[in-house]
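Colleague: Could you walk me through the ligand site in this one, and then a couple of backbone oddities?

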Amino acid sequence: MCGIVGYLGPHQAAPLLLEGLARLEHRGYDSAGVAVLGGSGIRVAKRAGRVRDLSEDLPKRFTGKVGIGHTRWATHGPANDVNAHPHTDTKELVAVVHNGIIDNAAALRDELAEEGVDLVSDTDTEVLAHLIAGSGADTLEGKVAETLGRIHGTYGIAVLHVDFPDRIVVARNGSPLIIGVGDKEMYVASDLAALVRYTTTVAHLDDGEMATITSAGFSTYRLGASGLAATNRRAAHVDVDPASYDAGEYDSFMYKEILEQPAAAERVLRGRLDERFATGHLGGLNLDARELRAIRRIKVLGCGSAYYVGEMGATLIEELARIPADAEAASEFRYRNPIIEPDTLYVVVSQSGETVDTLLAVQEIQRKGGRVIGLVNVVGSAIAREVDGGIYLHAGPEVAVASTKALTNMFLGFAMLALQLGRVRDLSIADGRRLIAGLEALPHKIEQILATEERLEAIAARLAEAESLFFIGRVRGFPVAREGAQKFKEISYRHAEAYQTSELKHGPLALISPDVPTVAIVPDDELVERNVAALHEIAARGGPLVVVTHEDVALRGLPSDLAERIVVPRSERELDPILLTIPLQVLAYHAAKHLGHDIDKPRNLAKSVTVE
Ligand code: F6R
């Protein structure tokens, strides 16, 4: 997704902006640009392609100690040099970078065209530059506020103006913006990743806030009908290790993050399991035992992989706490005018905490009086700040687009929540202890699975040759299959479709052939017999199988040339889904690597999706 950086200080801005943009590359983008403000006014360099290409093309004497930069992920108009940001007005008085979407851009473009303004790009952003330049307000803050008053939509913006060379003005509505305070220098970014090398003292803007950044510091305001009211936001230190934003010795962030899972899993569990009372100890929920007992239903909301882990979580909650629970795609939720019930607990799940579909679901629930808690990885993110309580996932920064360690920790977060909900109902102390022991053993079991990488790599190379694959599972195994297919398709670009094993014979069996492999999730649980029967139906049609299962599960004479086994360690049944998921991540990674794809930058995808 689009990325923003800004710099103001004693050094030349361009190299710092390019460095910051390079740090945002993993978010996904198709073009990049920078603007600096120096003695000769605003200078802009931008182009389709990589930040590296932009650096190589940068004109000589591209000087200025104030600047803004952008990586674009095309929404309005194709990825080309002209549509790349920053955008300027005709006289180049103003330069703007923008994340988000302006919904009334078409109408504003028409108005500007009627006034004789020559719009050169296809973008929504360009209107901002013309409107700010044309504003009659005396200050840059006034010009920006007046312009934002005319637009509908989402934005994170950073603005330069030749008449106000001592400042950058930024504003946020639905798209993250962070101000970084350095040593006599100031930064702006849409993601902490761009800042951590320079500073970890930051301030997050809220939706509806604007800020002025000068060499003396920054001031924040709330945008309102009656003008700008100071919000006096302060910067605070964030506890983050800059090294976690480097892939180091690894070929990709995804690989590094897959291997980090045992340590990340230990972190999310630490201090949150109460052995004495055999329950979870999740203080951040802000719910006491009486309130937990009053919950009659749980609704989990998330997008993409977070939604699939949400399905695993809902199943866990039903099993352990016997509370009706289900998961739904947050992106669909608010459009069906959902009934918000006072005794339902809404649980949103998000790695980034900035996914706009999930954030809007939170706002819809809160507007209608519902209580929402969040399972969120990024501390201080928009969702983390808006929910009524929650669980931080402590996975550490996740850089790769394909989520791995954060998802594992989401599952563990759900397990602790389910345990805590179960223990104030009728989950026995013995079962509570059994699950705590199971949870504590998980990091080591994840390690055991990762130690089988060589074998997984060989299987992945074979799967990568297929144009199309099925991933199948039932009940606890079905969200595992969905997540497995998602991971496989997003980085290998193979068509991978998830199905309930039980539904196969109701249609998709027609597609089974020697060219269409099936990855089957077959834990040793109540459904193992039925699952194995389905495998025979696939094998009878010549369909190759990869069976993700437990030791000693009898595959009852499946031909060994058709069925390969991936064995995961046994755990408590309720916790099986996460161990069954780990090998699927490794398969996806190696399949993509085998096909020579850029693993951390899958085509068309972005790390955090801040547009609807
Ligand atoms: C897939 C993936 C995405 C995200 C989804 C939600 O590997 O990473 O499907 O899970 O975009 O993102 P967050 O969790 O940041 O809300």
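Modeller: Domain bounds here come from an automatic or database domain assignment. With those bounds, the shell around the ligand draws at least three residues from each of domain 2 (253-449) and domain 3 (460-594). This is a predicted model, where local features need pLDDT of at least 70 and side-chain atom pairs count only at pLDDT 80 or more, while totals for chains, interfaces and linings use all residues. Residues are numbered from 1 along each chain as its sequence is written, and side-chain values use heavy atoms, with hydrogens and water left out.

Colleague: How many residues surround the ligand, and which are the closest?

Modeller: There are 15 around the ligand, the closest being Ser350, Gln351, Ser352, Thr355 and Glu490, where near means that a heavy atom of the residue lies within 4 Å of the molecule.

Colleague: What is the split into nonpolar, polar and charged?

Modeller: The shell has five nonpolar, eight polar and two charged residues; Ala, Val, Leu, Ile, Met, Phe, Trp, Tyr, Cys and Pro count as nonpolar, Asp, Glu, Lys and Arg as charged, and the others, Gly among them, as polar.

Colleague: Where does the largest share of the shell come from?

Modeller: Helix 16 gives the largest share, three residues, with helices taken as DSSP runs (H or I, at least four residues) and strands likewise (E, at least two), numbered from the N terminus.

Colleague: Which ligand atom is 2.5 Å from the side chain of Thr355?

Modeller: An oxygen atom of the ligand is at that distance from a side-chain N or O atom of Thr355. For Ser350, a side-chain N or O atom is 2.6 Å from a ligand oxygen, whereas Gln351 places a backbone N or O atom 2.6 Å from one.

Colleague: Switching topic, where is the cis peptide bond?

Modeller: The cis bond joins His85 and Pro86, with omega about 0 degrees, and Pro86 lies in the loop between strand 4 (66-72) and strand 5 (87-88).

Note on methods. Polar contact = N/O pair within 3.5 Å; in protein donor to acceptor, adjacent residues only side chain to side chain.
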